[in-house]
Amino acid sequence: MLKMHNVKAALIGLSVGDALGVPVEFSSRSKMKKNPVTGMWEFGTWNQPIGTWSDDTSLTIAAMESITRLRTFDKVDVMKNFVLWLRDDEFTANDDAFDCGNTTGAAIDNFVRGATPETCGLTQENSNGNGSLMRIFPAVFYAYEKAPTDEDALKIVHEFSALTHAHEVSQMACGIYYLICAQILDGQNLTDAINSGLKLAKEFYSNQQKFLNTVETFNRLFKENFAALPEDEIRSTGYVVATLESVIWCLHNTKDYKSLALTAVNLGGDTDTVGAIAGGIGGLYYGLHQIPSEWLDVLKRRTYLEELAEKFYLSLT
């Protein structure tokens with residue numbers, strides 16, 4: 001059963017992981033090895049103040065705000081909030097939408113030009129960045145509470161991804177993430193939740209005509225020895241499959257929120273998004289109390305984020 005503390009810990013965990021990664025986004029792994037992130041930094045890649053989160057958190061809260069206000073998932077309203085973020089700097093840490101993925105930006109532009117929420121998302125194979133996976137938590141919680149079956153839940157998650165990332169690979173990545181989170185919410189320990197979620201995902205998608213050619217893209221994740229892969233075989237890029245692999249590898253190879261978030265960010269590459277996605281599921285599993293207080297103390301708009309999480313939860317019940 002979903003609890004308020006689940007939503008709050010996930011959102012704060014996501015925003016903290018995001019903020020840890022913002023100053024070093026695009027840094028190489030070799031550079032991170034020489035000067036690893038050990039806590040919240042300021043300036044860096046985007047020249048932002050300490051504790052600043054990016055588009056990962058902004059798009060998450062833009063969707064949460066819509067669902068909270070309407071008490072339902074309304075695609076048009078969510079897309080309108082995405083426009084407000086990109087065009088008017090709403091839902092940002094410092095009134096500055098300083099980072100936007102190409103696919104997300106193109107989908108928002110399509111919507112502004114008159115495309116429907118069902119048609120504005122990009123469907124090309126080369127449009128499988130991690131921009132929908134990074135903002136999937138509102139759909140995860142909404143689907144977990146509202147959908148009677150996993151199939152119904154995954155339909156919601158797929159539609160939420162498709163607002164910007166409509167290719168099957170992106171939709172399936174979000175579906176895998178949902179199934180892992182659902183097992184955590186059902187009370188499984190982390191390792192069992194990951195393994196059960198992956199097993200359910202492989203079974204479900206292997207029996208869906210739409211995804212038959214997509215399942216093999218995730219074959220490495222489905223292998224029993226995935227967690228034992230050496231770090232140099234983990235690619236922390238913006239490609240959604242690589243991002244999901246990075247997050248799950250970090251989850252397997254750490255034992256608490258702090259080490260999870262730092263391991264994710266110090267992989268280098270797309271640091272804010274890998275950090276955000278790992279941080280979100282880490283917050284969900286480990287709880288808010290495990291996030292270092294010195295990180296929370298400098299997190300931008302922390303009170304707003306916590307209050308939104310509470311209101312969002314209440315809108316689902």
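Start with the whole chain in view: for 317 residues, a compact globule would have a radius of gyration near 20 Å, and the 18 Å of this protein chain agrees with that. Keep in mind as you go that this is a predicted model. Along the principal axes, the C-alpha atoms fill a box of roughly 45 × 45 × 35 Å.

Now switch to a cartoon. You will find 15 helices and 0 strands in the protein chain. If you colour by accessibility, buried residues make up 59% of the 317. Contacts are worth a look too: among those between residues at least 6 apart in sequence, 73% join residues at least 24 apart.

**Into the core**

Next, select V16, F141, Y178 and F218. In the largest nonpolar core, which has 108 residues, these four touch the most other members. Then highlight helix α8, residues 168-185, which gives the most to this core, with 13 residues. In soluble globular proteins, nonpolar side chains tend to be buried together.

Stay with V16 for a moment and show what surrounds it. Which residues is V16 in contact with, leaving aside its neighbours within four places in sequence? Select M40, Y257, I291, W295, L296 and L299, and you have them.

**The largest pocket**

Move on to C100, G101, N102, N130 and D270. Of the 26 residues that line the largest pocket, these lie nearest its centre. The volume of this pocket is about 370 Å³. To see where the walls come from, show α3 (55-70), α5 (102-112) and α13 (271-286), the elements that give two or more residues to the lining. Of the elements, α5 gives the most, with 3 residues. Colour the lining by class and it divides into 16 polar, 6 charged and 4 nonpolar residues.

**The second largest pocket**

For the next stop, select N195, L198, K199, K202, L221, F222, K223, E224, F226, A227 and H252, which line the second largest pocket. About 230 Å³ of space lies here. Show α9 (190-206) and α10 (219-222) as well, since these are the elements that give two or more residues to this lining. How many residues come from α9, the source of the largest share? Count 4 of them from that helix. By class, this lining holds 5 nonpolar, 4 charged and 2 polar residues.

**Two backbone stops in loops**

Centre on F43, in the loop between α2 (29-34) and α3. The phi of F43 is positive, about 60 degrees, although this residue is not a glycine. Is F43 partly exposed or buried? With a relative accessibility of 40%, F43 counts as partly exposed, because that value falls between the 20% and 50% cut-offs.

Then jump to D95, in the loop between α4 (75-88) and α5. D95 is another residue other than glycine with a positive phi, near 60 degrees. At 63% relative accessibility, D95 counts as exposed, because the cut-off for that class is over 50%.

**Last stop: two residues far apart in sequence**

Finish by selecting E307 and K8. E307 sits in helix α15, residues 302-316, and is partly exposed, with a relative accessible area of 41%. How far apart are E307 and K8 in sequence and in space? Draw a distance from C-alpha to C-alpha: they are 8.4 Å apart in space, and 299 residues apart in sequence.

How values were computed:
Residues numbered from 1 in each chain as written. Predicted model: local features only at pLDDT ≥ 70, side-chain atom pairs only at ≥ 80, totals over all residues. Heavy atoms only, no water. 1 Å grid on protein atoms, 1.4 Å probe; cavity = no way out; pocket = protein on both sides within 12 Å on 5 of 7 lines; lining within 4 Å. Points joined across faces, edges and corners; volume = space filled by probe spheres on them. Nonpolar A, V, L, I, M, F, W, Y, C, P; charged D, E, K, R; others polar. Buried < 20%, exposed > 50% of the residue type's maximum accessible area, 1.4 Å probe, protein only. Core = buried A, V, L, I, M, F, W, Y, C linked by side-chain atoms within 4.5 Å. Contact = heavy atoms within 4.5 Å. Rg over C-alpha atoms; globule rule 2.2 N^0.38 Å.
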